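User: Please take a close look at one strand and its surroundings. I would like to know what pairs with it and which side-chain contacts it makes.

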Amino acid sequence: MTEWGEMGSFGGLCRALGQMSSHSRTIYVGKHQRNLDSKNRLAIPSKWRFDGDTEDGYLGLPDPSGCILVLPPQQIAKLYDKIEDQQLSDEDVQELQDKLFSQATFFSCDKQGRVNMPDDLLGHAGIGKEAVLIGRMINFRIWSPERWATIDPKSNNDDIGKLMKRANL
């Protein structure tokens, strides 16, 4: 497996973008409780993996909600295109790119389907030795169990129907 520094390189991202057309759409649904091992590796659910994910990979970003947002290759490509279309003279866009992508990481799975999670992203999400992976159809989030418990729809008796109406679904 390639070391972290190399996977975080522009070349690794370009490889991911170049291989986009070979991926079918993966659907990220469900909730998965996982333990991190002593090397901060986290197992990705097998149904969420894709062919080539030991070379290609995911983009992890700090989410303002206090979790880690994980984008698969198709979402990375869309984000890349949006960033590429931004004006270099737009100071707000440049500031966002500096602040967001300096905290992001690109990672791929090892042969056992685990990803190395960097300490800074784990710290942002308040994750210790346990994590909850939450599917969001087109991507997924990684939460600490404590933070997830505060918004878990089952724990909070949320009316999913009302939420769907508000989201226009």
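Analyst: What follows is a close look at strand E3 and its partners.

This is a predicted model, in which local features need pLDDT of at least 70 and side-chain atom pairs count only at pLDDT 80 or more, while totals for chains, interfaces and linings use all residues. Residues are numbered from 1 along each chain as its sequence is written, and side-chain values use heavy atoms, with hydrogens and water left out.

Strand E3 covers residues 58-63. Strands here are DSSP runs of E with at least two residues, and helices are runs of H or I with at least four, numbered from the N terminus. Six of the six residues of E3 are buried, so the strand is largely enclosed by the rest of the structure. Buried means under 20% relative accessible area, exposed means over 50%, and partly exposed lies in between (1.4 Å probe, protein chains only).

First, the backbone. Strands of a sheet pair through backbone hydrogen bonds, either parallel or antiparallel. Two strands count as paired if DSSP finds at least two bridges between them. E3 and strand E4 (residues 67-71) are antiparallel, with five bridges. One of the partnerships joins Pro 62 to Ile 68 in E4. The E3-E4 hairpin has three residues between its strands, and Gly 66 takes a positive phi near 90° there. E3 also runs antiparallel to E5, with three bridges. Gly 60 has Thr 105 of E5 as its bridge partner.

Now the wider sheet. It is open, has six strands and follows the order E1-E7-E8-E4-E3-E5, with antiparallel pairing. E1 (31-35) and E5 are the edge strands, each pairing on one side only. Neighbouring strands are turned by 25° against each other on average, direction ignored. Axes are lines fitted to C-alpha atoms (for helices over the stretch in contact), and angles run from 0 to 180 degrees between N-to-C directions. E1 is joined to E7 (residues 130-135) by five bridges, and these two strands run antiparallel. Lys 31 has Ile 134 as its bridge partner in E7.

Next, the aromatic contacts. The structure holds seven aromatic pairs. Rings of Phe, Tyr and Trp (its six-membered ring) pair if their centres lie within 6.5 Å; planes under 30 degrees apart count as stacked, over 60 as edge-to-face and the rest as tilted. Tyr 58 and Phe 107 have ring centres 6.0 Å apart and planes at 35°, so this pair is tilted. Tyr 58 lies in E3 and Phe 107 in E5 (residues 105-107), 49 residues apart. Tyr 58 and Phe 107 are buried. The rings of Tyr 58 and Phe 140 have centres 5.9 Å apart and planes at 75°, so they are edge-to-face. This pair links E3 to E8 (residues 140-143), across 82 residues. Phe 140 is buried, as is Tyr 58. One aromatic cluster is formed by Tyr 28, Trp 48, Phe 50, Tyr 58, Phe 107 and Phe 140.

Finally, the charges. The whole structure has seven salt bridges. A salt bridge is a side-chain nitrogen of Lys or Arg within 4 Å of a carboxyl oxygen of Asp or Glu. Asp 63 makes one with Arg 141, and their closest N and O atoms are 3.2 Å apart. Asp 63 lies in E3 and Arg 141 in E8, so the contact ties together parts 78 residues apart in sequence. Asp 63 is buried, at a relative accessible area of 6%. Arg 141 is buried too, at 17%.
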